[in-house]
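Subject: Structure handover and findings

Dear colleague,

Please find below the structure I am handing over to you. My notes on what was found in it follow directly after.

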Amino acid sequence: MEVTDTDAINIRSVIEYQLAAFKKDDAQSAFAFASPAIQAQLGTPENFMQMVKTSYPAVYRPRSVFFEKITTIQENITQPVLLLAPDGVPLRALYFMEKQPNNIWRINGCFLVSLEGK
């Protein structure tokens, strides 16, 4: 799938809005940016927020955020984002993005990759 400049802007906005929602502990808004599959898997905004707090502290409360160039990983449109975790550890978050039938982008998963030793 070709990613247009408009797609790239929209993808970045979705991630930025979700990060802003985490910062405000706004579970409803943060959950709204997740794909239907993620929403179905976790069920409620509260479950989603608890999972992010527990498993993704660098995403929940990053000290810094830097967007890299969009790429494709295993046929998934992926937005790499460099994050500085609350404990000062640098990580790369790989956001798998999914375009909905209404052309709205949603986050369909996030994987954290260590930058240590690079």
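In which helix is Ala8 found? Ala8 belongs to helix H1. Before going further, I should state that this is a predicted model. The relative accessible area of Ala8 is 28%, so this residue counts as partly exposed. Setting aside neighbours within four places in sequence, the contacts of Ala8 are Val3 and Ile70. Asn47 lies 39 residues from Ala8 along the chain, and the C-alpha atoms of these two residues are separated by 29 Å.

Salt bridges

How many salt bridges does the structure hold? There are 4, and three of them are described here.

One of them joins Asp7 to Lys99, with 3.1 Å between the closest N and O atoms. This pair links distant parts of the chain, since Asp7 sits in helix H1 (residues 5–23) and Lys99 in strand S4 (residues 90–99), 92 residues apart. Is Asp7 buried or exposed? With a relative accessibility of 6%, Asp7 is buried, because the limit for that class is under 20%. Its partner Lys99 has a relative accessible area of 30% and is therefore partly exposed.

A salt bridge is also formed by the side chains of Arg12 and Glu16, at 2.9 Å from N to O. Both residues belong to helix H1 and are 4 residues apart, about one turn of the helix. Glu16 has a relative accessibility of 34% and counts as partly exposed; Arg12, at 39%, is partly exposed as well.

Arg92 and Glu68 provide a further salt bridge, with an N to O distance of 2.6 Å. Here too the pair links distant parts of the chain: Arg92 is in strand S4, while Glu68 is in the loop between strand S1 (64–67) and strand S2 (71–73), 24 residues away. Glu68 is partly exposed, its relative accessible area being 25%.

The nonpolar core

Which residues touch the most other members of the largest nonpolar core? Within this set of 32 residues, they are Ile11, Ile15, Phe22, Phe48, Val59, Tyr95 and Met97. Two or more core residues come from each of H1, helix H2 (27–32), helix H3 (36–42), helix H4 (45–55), helix H5 (57–60), strand S3 (76–84), S4 and strand S5 (105–114). H1 gives the largest share, 6 residues.

Val59 may serve as an example of the contacts involved. Not counting residues up to four places away in sequence, Val59 touches Leu19, Phe22, Val52, Leu83, Tyr95, Cys110 and Leu112.

The largest pocket

Rolling a probe the size of a water molecule over the atoms shows where empty space is left. The largest pocket has a volume of about 240 Å³. Its lining consists of 15 residues, and those nearest the centre are Phe48, Met51, Tyr56, Gly109 and Cys110. H1, H3, H4 and S5 are the elements that each give two or more residues to this lining. How many residues of the lining are nonpolar, polar and charged? The lining divides into 12 nonpolar residues, 3 polar ones and no charged ones.

Phe48 thus appears in two places in this account: among the core residues that touch the most other members, and among the lining residues nearest the centre of the largest pocket.

With kind regards

Conventions: Residues are numbered from 1 along each chain as its sequence is written. This is a predicted model: local features need pLDDT of at least 70, side-chain atom pairs count only at pLDDT 80 or more; totals for chains, interfaces and linings use all residues. Side-chain values use heavy atoms; hydrogens and water are left out. Buried means under 20% relative accessible area, exposed over 50%, partly exposed in between (1.4 Å probe, protein chains only). A nonpolar core is a set of buried Ala, Val, Leu, Ile, Met, Phe, Trp, Tyr and Cys residues joined through side-chain atoms within 4.5 Å. Contact means heavy atoms within 4.5 Å. On a 1 Å grid over the protein atoms alone, a cavity is a set of points where a 1.4 Å probe fits but cannot get out, and a pocket is an open set with protein on both sides within 12 Å along at least five of seven lines; lining residues have an atom within 4 Å of a point. Grid points are joined across faces, edges and corners, and a volume is the space filled by probe spheres set on the points. Ala, Val, Leu, Ile, Met, Phe, Trp, Tyr, Cys and Pro count as nonpolar, Asp, Glu, Lys and Arg as charged, and the others, Gly among them, as polar.
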